[in-house]
Structures are given as C-alpha cells and as structure tokens.
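Welcome! Here are some short exercises to try with the structure beside you, each followed by a worked solution.

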Amino acid sequence: APLEGGGAGATPQEQQERHGGEEGQQGHARADGRRHRRISSSGAMDENERRLHRRQLSADWQRQFEQQRFRQRGRLADRVGAALARLNNPDDTRAMRLVALLCFVMDACLCFAIVKRVPYTEVDWTAYMEQVDTFAAGERDYSAIHGGTGPLVYPAGHVYVFRTLQAITGGGDIQLAQRAFGALYLVNLALGLAVYVEGRLVPPWALPLLVLSKRLHSIFLLRLFNDGVVATLSMLAVLLMMRQRPCAALVAHSAAVSVKMSALLYAPAFALLLAQSQSLGIVAQSLALAAALQLCVGAPFLLQHPREYVACAFNFGRQFVHYWSVNFKWVPEATFSSKGFAAGLLGAHLLLLGVFAARRWAPHGRLRHIVSANLRLRTLPFPEGGHARAGATARVLLECNFAGIALARSLHFQFYAWYAHGLPALLWATRLPAAAKLLLWAAIEACWNPWEGESSTPGSSALLAACHALLLLALLAAPAASSASS
C-alpha cells in the first residue's frame with residue numbers, strides 16, 4: 001500500500017534514490033535533445049554546404065562552357081578566315097578546282113532547267129537548215145546559197161557544223177538541237193574553267209562570274225547561234241597555247257576561223273606568241289597546218305567557184321544594220337554607215353594593238369628584240385612553262401581579242417559569246433578595286449540584254465562603249481605582271 005501510494009511511506013534513502021533516477025532521466029532527455037539539435041543543425045549546415053558546392057560547380061561548369069564556346073567561336077572564326085583567305089587566293093589550286101567543279105555542276109543543272117522550261121526563240125536556226133539543205137542538194141556556188149535571213153556569209157566550216165547537227169537532230173528537231181547546244185555550252189564552260197584554273201587568272205570566289213551570264217545562256221541554249229561554236233574552238237585554242245602546244249593551238253584557231261571570221265581577232269596575239277617560239281620550223285609547221293585546214297574545209301567550193309567562196313565567206317566590207325548595233329547605236333546612222341567611220345575604227349584597232357604589244361605583251365624593248373630576231377631569222381627559245389607563263393599567255397590572247405571587240409564596227413547580241421568568258425580575266429588583270437570590277441562586269445552584262453523591245457538603245461549602246469573604253473584604259477594603266485614574251 002505505501003508503494004502504490006507514490007512512496008509516501010518510503011524511507012528517505014529510497015526517496016533520494018527515486019529523485020536521482022528521475023533527474024538522471026531528465027538529464028538524458030535534455031542531452032538527447034541537445035544532440036538532436038546539434039545533429040539537425042549540422043545537417044542544415046551540410047545541406048547549405050552542398051547547395052553552395054552545387055552553386056560553385058554550376059558556376060565552374062558555366063565558366064568552362066563559356067570558355068569552350070569562346071574557343072569554339074575562335075576556332076570557327078579561324079576556319080572561316082582561312083576559308084575566305086583560300087577563296088581569295090588564285091594560287092590555291094585545290095580551292096580553284098573545287099569552286100570550278102561546283103560551278104560546272106550547278107550550271108549543268110541550270111542548263112537542263114533552261115532547256116526544259118524556257119521557250120525557244122527562233123532567229124537563225126531555220127535559215128541555217130535551209131542553207132545546209134541547199135548544200136546537201138549539190139550546190140557549190142556560195143553566192144547561190146541562201147536562207148530565210150539572207151545569203152550565206154560564213155566560211156565552209158559553218159556549213160559542215162550545221163550539216164552535222166542536222167543529221168544528229170533528225171533533220172533539225174529543235175529540242176534535240178537545244179540539247180546538243182547545251183552539251184556544247186558545257187564543253188565551252190569546261191574549257192573556260194580549265195583556262196582560269198591553269199592560268200590562275202582570278203581568285204576562286206570570282207569563278208562563278210563565268211556561269212552568271214543570262215545573255216550567254218540565251219546565245220547557246222535558246223537561239224542556237226554559230227557564235228557558240230566559234231567561242232568553244234577559240235577557248236580550246238587558248239588552252240592549247242597555254243600548254244605550249246602551238247601547232248594544235250593554231251589548228252583549233254583555224255577551225256574557229258573556218259566557222260566565222262570573228263576568230264581572226266585572236267590572230268595578232270597568236271602571231272606574237274609564235275614569233276618567239278621554239279624554232280622557225282615550229283612556226284612554219286603551225287602556219288602550214290592552219291592553212292591546210294582552211295584549204296581542206298573550203299575545197300568543195302574552191303575547186304568549182306573559188307571567187308564566189310572567198311568573196312562571200314571572207315567579206316571584210318560587209319555592211320551592218322544600224323538598228324541591231326549593240327555598241328554604236330548612239331552614233332548617227334549616217335556616220336555609222338560611212339566608210340570613214342569604218343576606216344577610223346580599223347586604224348584605231350591597229351594602233352591599240354601596237355600600244356598593247358609594246359606596253360603589256362612585250363614591254364621594255366622586248367617587242368623590238370622579237371621583231372629584230374625574226375627579221376634576221378634567228379631562233380628564240382620558247383619560255384619555260386609554269387602558271388605564270390600560262391596566265392600571261394592567256395591574258396595576251398584574251399586582251400588581243402577584246403581590243404578588236406571594243407573597236408568592232410558593229411556588235412550584235414550574239415557576239416557577246418566572243419568574250420563573255422574572258423571578261424573576268426580582263427577585269428582582274430587591272431588594278432581596279434574588287435567592287436569596281438564587279439560593277440563593271442554587271443554593267444557590261446546589262447548592256448548585252450535588250451533594254452527596249454528586241455534591240456539595244458542609244459543609252460545602253462553608249463554605256464557599253466564607255467565600259468569598254470574604261471576597261472581598255474584600266475588594262476593599259478596596269479603593269480605587265482608577267483610578259484608572255486619574256
């Protein structure tokens with residue numbers, strides 16, 4: 001009973017022991033509380049530390065990421081800078097070839113689309129077929145061969161080329177003819193790109209100018225002019241001369257002349273390059289092969305009606321129509337048709353050739369040395385090869401051709417094929433800024449497209465003449481970087 005009553009009857013010793021036990025239990029409880037508080041506070045500190053650590057790691061990662069991204073940006077900028085430097089370096093053969101290949105593939109696709117979607121424009125194709133039909137019927141008198149646009153005024157090579165095209169196209173089917181001229185355009189483009197790559201005439205980024213001409217695509221693919229054939233053979237002759245194969249080059253040049261006389265504009269440059277060839281034997285052999293080709297091509301007509309053939313195929317006094325002139329429509333028609341105007345242009349052309357030869361093609365007295373050596377029948381060594389030599393040869397030929405074009409008595413729209421692929425090389429032979437070169441190219445290209453109706457205007461004609469004059473002056477002001485006659 002005393003025990004159950006809370007220890008009222010307990011002895012003092014027992015009460016003291018009981019109070020001590022209770023205090024011990026309370027002390028243990030207080031200790032456990034303090035321990036729990038310390039544990040919870042240390043856990044909170046650990047959590048804060050972990051959060052701080054995570055923040056530091058995040059900041060470190062962010063810093064590393066920014067540094068890596070900065071390094072990647074730097075590497076990307078370096079790569080872009082290196083790529084731009086390569087695209088601006090004409091001596092980078094790999095870049096030149098890669099850009100040339102891309103241009104060729106893209107232009108091949110463009111040609112396919114043009115033939116497929118753009119309507120054909122009839123100009124001379126039907127007349128060419130009529131002339132070929134007359135020849136196939138046995139007519140050998142050149143003065144008696146006519147087409148819908150007039151008499152036959154081209155050498156016999158023109159007749160054979162279009163007779164072959166007539167056979168290929170099954171009598172003159174337009175779609176097949178367009179495909180054939182599309183293939184011819186791509187051959188011409190491939191030759192032009194080869195000339196630019198081997199001669200290192202422009203930086204790689206300027207090569208697309210060879211495929212951006214609207215007028216050139218029209219001449220080849222939509223109007224089927226014989227000027228495309230002449231341009232292709234002339235470009236082949238330039239490439240062969242760059243590779244130091246003068247005999248083959250002269251044969252290709254003679255083949256171009258056999259299609260149309262316009263290829264004769266290259267003749268002075270070929271003469272200068274041959275004048276300092278390996279030997280007089282090479283010169284004689286080249287000229288003999290060129291002449292033999294002309295005789296063989298014209299033989300069916302020369303054997304029966306030689307006078308008519310020469311008079312019609314090589315008519316240097318042919319009169320042009322003022323309405324169709326692209327370069328001199330700004331000149332009054334009476335002046336344009338006068339003999340004095342034609343004689344003045346011929347004299348200016350000869351003078352300009354002399355200035356170019358003395359200042360750019362064989363400067364510092366080398367022209368006089370070449371002429372003197374040939375008059376004394378001395379053999380001059382053919383210069384060593386290399387890109388500089390190849391580029392100089394190409395520039396001599398292209399500049400000579402352009403000098404004749406700039407002072408031609410009349411240019412028609414299809415004549416743009418004569419020098420369209422040579423324009424970038426001519427522009428980059430000058431000291432003009434790149435922006436001025438592009439602007440001049442665009443202005444010339446614009447002048448070769450009709451401004452009103454189907455013909456040029458006096459304004460576009462005057463602009464073209466001014467652009468030609470500016471380019472001539474820029475070429476004469478530029479130094480002869482590497483003379484082909486050195």
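**Exercise 1.** Find how many disulfides a search of the whole structure gives.

*Solution.* Start with the term: a disulfide is a pair of cysteine sulfur atoms within 2.5 Å. Searching the whole structure turns up zero disulfides. This is a predicted model, where local features need pLDDT of at least 70 and side-chain atom pairs count only at pLDDT 80 or more, while totals for chains, interfaces and linings use all residues. Residues are numbered from 1 along each chain as its sequence is written, and side-chain values use heavy atoms, leaving out hydrogens and water.

**Exercise 2.** Sort cysteine 247, cysteine 296 and threonine 121 into buried, partly exposed or exposed.

*Solution.* Recall the cut-offs: buried is under 20% relative accessible area, exposed is over 50%, and partly exposed is in between (1.4 Å probe, protein chains only).
- Cysteine 247 has 17%, so it is buried.
- Cysteine 296 has 57%, so it is exposed.
- Threonine 121 has 29%, so it is partly exposed.

**Exercise 3.** Work out where threonine 121 lies and which residues it touches.

*Solution.* First, locate threonine 121 in the loop between α2 (93–117) and α3 (125–136); helices here are DSSP runs of H or I with at least four residues, numbered from the N terminus. Next, look for contacts, meaning heavy atoms within 4.5 Å. Not counting residues up to four places away in sequence, threonine 121 touches Leu222 and Arg223. Finally, compare C-alpha atoms: those of threonine 121 and serine 218 are separated by 9.0 Å, though the two residues are 97 apart along the chain.

Methods. Helices (H or I, at least four residues) and strands (E, at least two) are DSSP runs, numbered from the N terminus.
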